[in-house]
Amino acid sequence: MELVHCHLAKEPQPVCEINPKVPTIVSDIVMRLLAKNVEYRYQSAFGLKADLENCLAHLDEIQNTNFKLGQKTLGIQLLGETAWDKHYEMAFELHKEQGECQFLCGKFNNSEQSLAIALEKARSKFDKANIYVIKLAQLSAQGQYYQAVAYKSLIFKACRISPLVSKKN
């Protein structure tokens with residue numbers, strides 16, 4: 001009975017304390033896997049995979065790296081391809097929001113990918129115009145005004161609006 005109580009109540013010793021050669025971040029990942037409280041554990045294998053990939057990408061500088069674990073535990077990856085058929089509005093909004101967030105975080109290529117998926121799956125001209133407006137704002141924020149003008153014409157086409165042209169008499 002004492003063994004069961006010890007297993008449930010006692011926190012394990014961090015791996016980096018047992019073996020100082022193990023990077024702290026790797027030890028933190030192991031501790032998160034062994035967490036007694038469900039809320040502190042990884043919520044999906046995707047989250048663990050993302051942290052391990054992040055750890056591997058920074059292997060050379062790992063001793064000095066202190067990135068936050070569990071940043072990708074939940075999200076669009078849990079939706080699956082059928083979400084577009086079953087829960088279109090939710091899938092569309094999540095991809096749109098993800099594209100905006102990625103842009104604000106400086107991940108411009110990821111933002112393009114998320115918005116491209118939303119644009120490809122968009123069912124209505126209004127939804128397409130919504131994505132074009134976001135892209136227009138992003139291009140303007142980056143100082144890419146010529147591309148922004150091109151997107152403006154796409155918005156007009158998507159909404160079947162003819163731009164006002166002033167005629168000189």
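Let me begin with a pair of helices, α6 and α8, which pack at an angle of about 5 degrees with their axes 11 Å apart. Since angles under 35 degrees count as roughly parallel, α6 and α8 are therefore described as roughly parallel to each other. On the α6 side this contact is made by Y88, F92, K96, G99, E100 and F103, and on the α8 side by D127, N130, I131, I134, Q138 and A141. I should say at once that what we are looking at is a predicted model.

Let me step back to the chain as a whole. The chain has 169 residues, of which buried residues make up 28%. It contains 9 helices and 0 strands, so that, reading from the N terminus on, the order of elements is simply α-α-α-α-α-α-α-α-α. The chain exposes about 12400 Å², and 57% of that area is supplied by carbon and sulfur atoms. If we take the contacts between residues at least 6 apart in sequence, 43% of them join residues that are at least 24 apart.

Now I return to α6, this time with α7 as the partner. These two helices pack at an angle of about 155 degrees, with their axes 7 Å apart. Because the cut-off for roughly antiparallel is an angle over 145 degrees, α6 and α7 are roughly antiparallel to each other, and their crossing is left-handed. The residues that meet here are Y88, F92, H95, K96, Q98, G99, Q102 and F103 from α6, together with F108, N110, S111, S114, L115, I117, A118 and K121 from α7.

One residue from that list deserves a closer look, and it is S111, which lies in helix α7. Is S111 buried or exposed? With a relative accessible area of 0%, S111 is buried, because buried means under 20%. Leaving aside its neighbours within four places in sequence, S111 is in contact with G99, Q102, F103 and Q138.

That mention of Q138 brings me to E100, which lies in helix α6. E100 has a relative accessibility of 28%, and it therefore counts as partly exposed. Not counting residues up to four places away in sequence, E100 touches I134 and Q138. Along the chain E100 and Q138 are 38 residues apart, while in space their C-alpha atoms are 8.6 Å apart.

What, then, lies in the largest nonpolar core? This core has 16 residues, and the ones that touch the most other members are W84, Y88, F92, I131 and Y132. The elements that give two or more residues to the core are α5 (83-86), α6 (88-104), α7 (108-121), α8 (125-141) and α9 (145-158). The largest share, 4 residues, comes from α8. As for Y88, if we again leave aside its neighbours within four places in sequence, Y88 is in contact with A83, K121, A122, R123, S124 and D127.

Finally, I would like to turn to another pair of helices, α3, covering residues 24-33, and α4, covering residues 45-57. Their axes come within 11 Å of each other and cross at roughly 170 degrees, and α3 and α4 are therefore roughly antiparallel to each other. In this pairing I25, V26, I29 and L33 of α3 meet L48, D51, L52 and C55 of α4.

Within that pair, I25 has its place in helix α3, and with a relative accessible area of 3% it is buried. How far apart are the C-alpha atoms of I25 and C55? Although their positions lie 30 residues apart along the chain, counted as a separation in sequence, these C-alpha atoms are separated by 7.4 Å.

To close, the two helix pairs I would ask you to find first in the picture are α6 with α7, roughly antiparallel, and α6 with α8, roughly parallel.

Technical notes
Residues are numbered from 1 along each chain as its sequence is written. This is a predicted model: local features need pLDDT of at least 70, side-chain atom pairs count only at pLDDT 80 or more; totals for chains, interfaces and linings use all residues. Side-chain values use heavy atoms; hydrogens and water are left out. A nonpolar core is a set of buried Ala, Val, Leu, Ile, Met, Phe, Trp, Tyr and Cys residues joined through side-chain atoms within 4.5 Å. Buried means under 20% relative accessible area, exposed over 50%, partly exposed in between (1.4 Å probe, protein chains only). Contact means heavy atoms within 4.5 Å. Accessible areas come from the Shrake-Rupley method with a 1.4 Å probe; for residues, only the protein chains shown count as cover. Axes are lines fitted to C-alpha atoms, for helices over the stretch in contact, and angles run from 0 to 180 degrees between N-to-C directions. Angles under 35 degrees count as roughly parallel, over 145 as roughly antiparallel, 65 to 115 as roughly perpendicular and the rest as oblique. A crossing is left-handed if the near helix is turned anticlockwise from the far one by less than a right angle, and right-handed if clockwise.
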